[in-house]
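Dear colleague,

I am handing over the structure that you will find just below. Please look through it before reading the notes that follow.

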Amino acid sequence: MRWIPSPLHGLGAAGAAANARAELETAHVRALQATLVARRVNRSGRSGEPLSPAAERRVA
């Protein structure tokens, strides 16, 4: 996600810190989303059984 670096490109250390902070926040949000998807998949059926069509649509 490259929406922060362009306005902060010329700000030196402050821009680099803001860019790093934005990248960490993006990584955190992605990890939270992945956790939610994993929980939904785990609740959708027993282990070893294929996902139902409805569960496949939710995961996609």
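**What was found**

Of the 60 residues in the protein chain, 12% are buried, where buried means under 20% relative accessible area, exposed means over 50%, and partly exposed lies in between (1.4 Å probe, protein chains only). This is a predicted model, in which local features need pLDDT of at least 70 and side-chain atom pairs count only at pLDDT 80 or more, while totals for chains, interfaces and linings use all residues. Residues are numbered from 1 along each chain as its sequence is written, and side-chain values use heavy atoms, with hydrogens and water left out.

The chain has three helices and zero strands, in the order α-α-α along the sequence; helices (H or I, at least four residues) and strands (E, at least two) are DSSP runs, numbered from the N terminus.

The protein chain exposes about 5100 Å², of which carbon and sulfur atoms supply 59%, as computed by the Shrake-Rupley method with a 1.4 Å probe, where for residues only the protein chains shown count as cover.

Two surface patches were found, one positive and one nonpolar. Patch members have over 30% relative accessible area and no salt bridge, with like charges joined within 9 Å and nonpolar side chains (Val, Leu, Ile, Met, Phe, Trp, Tyr) within 5 Å; a salt bridge is a side-chain nitrogen of Lys or Arg within 4 Å of a carboxyl oxygen of Asp or Glu. Lys and Arg count as positive and Asp and Glu as negative, without His and the chain ends, and the charge is placed at NZ of Lys, CZ of Arg, CG of Asp or CD of Glu.

The positive patch gathers Arg-39, Arg-40, Arg-43, Arg-57 and Arg-58, and its largest share, three residues, comes from α2. Arg-39 lies in helix α2 and counts as exposed because its relative accessibility is 52%.

Val-37, Leu-51 and Val-59 form the nonpolar patch. Val-59, in helix α3 (residues 53–59), is partly exposed, because its relative accessible area is 35%.

Best wishes
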